[in-house]
Amino acid sequence: MEKFNRLEGLVAPLDRVNVDTDAIIPKQFLKSIKRSGFGPNLFDEWRYMDVGQPGQDCSARPKNPNFVLNQERYRGASILLSRKNFGCGSSREHAPWALLDYGFRVILAESFADIFFSNCFKNGVLPIVLPANEIEALFQLVNVTPGFKLTVDLSAQTVVCPDGHTIPFAVDPFRKECLINGWDDIGLTLRHADKIGEYEERRRAEQPWLFA
Amino acid sequence: MANNLYEKLWQSHVVHEESDGTALIYIDRHLVHEVTSPQAFEGLKLAGRKPWRVSSIVATADHNTPTNHWDRGIEDPVSRLQVETLDANIRETGALAYFPFKDRRQGVIHVIGPENGATLPGMTVVCGDSHTSTHGAFGCMALGIGTSEVEHVMATQCLLQKKSKTLLVRVDGALGKGVSAKDIALAVIGRIGTAGGTGYAIEFGGSAIRALSMEGRMTLCNMAIEAGARMGFVAVDDVTINYLKGRPFAPTGAQWDAAVAYWRTLHSDEGARFDRVVELRGADIRPQVTWGTSPEMVVSINDTVPDPAKESDPVRREAIERALQYMGLNPNMPISSIKVDKIFIGSCTNSRIEDLRAAATVLKGRRIAANVKLALAVPGSGLVKEQAEREGLDRIFIDAGFEWRMPGCSMCLAMNADRLEPGERCASTSNRNFEGRQGAGSRTHLVSPAMAAAAAVAGHFADVRELL
Ligand code: SF4
């Protein structure tokens, strides 16, 4: 997993509640057996005027000029700003894969759906929960400030505005450490292989029907 | 100390706990399907890791498989490759059971696990699929996980988890005629919202839940994820135990007796505490219909489409406006005046035998309306289909003008050929009405099987209670 520590990045606003994983990456792209290449189809139905197909060259497709990521001022954005319940819906990890492949490393929202939230951490994407008033203020700032950037510092657990206004955020210590070090959590878990084995043997003796 | 069911399930599965509360939870059952597993198998191979306990794995191909012309195989080459990749991975790795495309017992993963007795009370059950919450109906801790977690479970038989908060949803009193578990699920989501259960494990309790069959409880727990909860469950009782007896992977003989004795402890103790309690009265729940693009956008059949002008919160107002525009609806129109183009009866929410019976009861001796272009009945598994055919339900569907299809996820997410055209409106027994869910530009209204049948007959949403 790619490490994450500090990022100064352009912010793109996606002003909607309940952005679901079907919107982030529509189902036809889930047929892929790879982990990469989903970026061109991120938000496919909102981003293009036609219906996308897997394996297609997206550069020539008609774009929806009203969709925020198609606006020149947000080209190269690496921080996505949205509202409540971001990432709700299916467990598809293709959603964080697509966001990452497009170039987003941070998502700021008022709340996230649980599975999406944990999928992000497994892929080097940092989802940050901020209070509603801060989210609202950020939307206002982004709208009126071309080239609006934020600095996200995971070690310090802060989001810093250009004027120095600093918003602290909470993050689970274990996930933070994994992300900063780019650790693979399977390797970490396997340090406890003996304990897992012991647990398993005890259960096998107590509840053998689970191991039929 | 009085424990609630979640605490019991949690405590019995903790292998190791970090100082910050992150725990390694042992996984008893790993359900696998073709869409979220290929990258996990590949990751395992690339890292040179072996699966920890293949006998925990039960797999099937369901999302991409066609529901007709099985003799032609899977015609879409991209879908075919994904299904063949699962075939190859399972062949190489092994599994307790694999129900591949065309197998007699193939079907939607959340239907075949329980019907084969592969989901047992007290288990931890995971699947790379959010609707894994379905299995909580058996008093399980059942979690949907992402592909990295699928790989993690394969490699370590464990999942990293933090303890959830607990929410008790209590529904007391009898349900009215024509009101089903699906209506309870939608009414709960309407009450608490799609983020209302975020961070919580939901226990469904109360006399209305106790009165539900196992299939009804599965429908309810299936939708827990749409309320934002990663899991939902119901305590074990006689209904659970009677359902399991004699299923292929359920224990037998002395082990059955030992298992039952343990399962009987799987309920919240008298006086157990919950972080939050929500109460509904069964008698107040009317047949539900969603009108928008999120399952929380739901009203009863007797209501009207909401008016954004009456909403004071600007973010909510805009969400309503956007949903109405996408759905092609006007504020204040009666739900019963909304005409439908297609009907879908199926999905892991409502494709079991009782769902088909409920729809057939409404359809018997009736025909789908002239404006309904297509009505699909898609059983959840090969075994459900066989049972329905033994009961003659297939004839009722066909005589009413439905197409009687082979099992699979089908139009629930439209990864195969079953989908809506842009702008088409569907009465669907599935679980998600998101934009584009049933095909680009599709318009989905979530309803119960009986309500889907009523809409098929009327050509518009209709109160099924008047047809019974
Ligand atoms: S039926 Fe629908 S919700 Fe259920 S597993 Fe299949 S695609 Fe997912």
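**Figure 1. Ile115(A), a buried residue of helix H4 in chain A****.** In this predicted model, Ile115(A) has a relative accessibility of 4% and therefore counts as buried; buried means under 20% relative accessible area, exposed means over 50%, and partly exposed lies in between, with a 1.4 Å probe and protein chains only. The residue belongs to helix H4 of chain A, residues 114-121. Helices (H or I, at least four residues) and strands (E, at least two) are DSSP runs, numbered from the N terminus. With neighbours within four places in sequence left aside, Ile115(A) is in contact with Ser91(A), and with Ser130(B), Gly144(B), Ile145(B), Gly146(B), Ile225(B) and Arg230(B); contact means heavy atoms within 4.5 Å. Between the C-alpha atoms of Ile115(A) and Arg92(A) the distance is 8.8 Å, although 23 residues separate them in sequence.

Residues are numbered from 1 along each chain as its sequence is written, while chains are lettered from A and ligands numbered from 1 in the order in which they are written. Local features need pLDDT of at least 70 and side-chain atom pairs count only at pLDDT 80 or more, whereas totals for chains, interfaces and linings use all residues; side-chain values use heavy atoms, with hydrogens and water left out.

**Figure 2. Ser32(A) in a loop of chain A****.** Ser32(A) is found between helix H1 (21-24) and helix H2 (44-47) of chain A. Its contacts, apart from neighbours within four places in sequence, are Phe38(A), Gln39(B) and Gln82(B). Along the chain, Ser32(A) and His94(A) are 62 residues apart, and their C-alpha atoms are separated by 9.4 Å.

**Figure 3. Cysteines without a disulfide****.** A disulfide is a covalent bond between the sulfur atoms of two cysteines. Here it is taken as a pair of cysteine sulfur atoms within 2.5 Å, and by this rule the count over all chains is zero. Cys120(A) is in no disulfide, and the nearest cysteine sulfur, that of Cys88(A), is 13 Å away. The relative accessibility of Cys120(A) is 0%, so this residue counts as buried. Why is Cys178(A) not bonded to Cys120(A)? The sulfur of Cys120(A) is the closest cysteine sulfur to that of Cys178(A), yet at 15 Å it is too far for a bond. Cys178(A) also counts as buried, at 9% relative accessibility.

**Figure 4. The largest nonpolar core****.** A nonpolar core is a set of buried Ala, Val, Leu, Ile, Met, Phe, Trp, Tyr and Cys residues joined through side-chain atoms within 4.5 Å. The largest has 113 residues, of which Phe43(A), Phe86(A), Leu108(A), Ile343(B), Phe397(B) and Phe402(B) touch the most other members. Helix H15 of chain B, residues 449-458, gives the most to this core, with seven residues. Another core, of 105 residues, lies apart from it and includes Leu5(B), Leu44(B), Ile145(B) and Met231(B). When residues up to four places away in sequence are not counted, Phe402(B) touches nine listed partners, among them Ile343(B), Leu363(B), Phe397(B) and Ala456(B).

**Figure 5. Helix H15(B) and its surroundings****.** Eight of the ten residues of H15(B) are buried, so the helix is largely enclosed by the rest of the structure. The buried residues include Pro449(B), Met451(B) and Ala456(B). Which elements of chain B do they pack against? They pack against strand E13 (288-290), strand E15 (342-345), helix H12 (353-363) and strand E18 (425-428). After the helix comes Gly459(B), with a positive phi near 85 degrees.

**Figure 6. Helix H8(B), a mostly covered helix****.** H8 of chain B spans residues 214-222, and nine of its nine residues are buried. Among them are Met214(B), Glu215(B), Arg217(B), Cys221(B) and Asn222(B).

**Figure 7. Two residues other than glycine with a positive phi****.** Most residues other than glycine have a negative phi. Lys102(B), however, has a positive phi of about 80 degrees, and Ser347(B) has a positive phi of about 85 degrees. Lys102(B) lies in the loop between strand E5 (97-99) and helix H4 (109-115) of chain B, while Ser347(B) lies in the loop between E15 and H12 of that chain. Are these residues buried or partly exposed? Lys102(B) is partly exposed, with a relative accessible area of 44%, whereas Ser347(B) is buried, with 1%.
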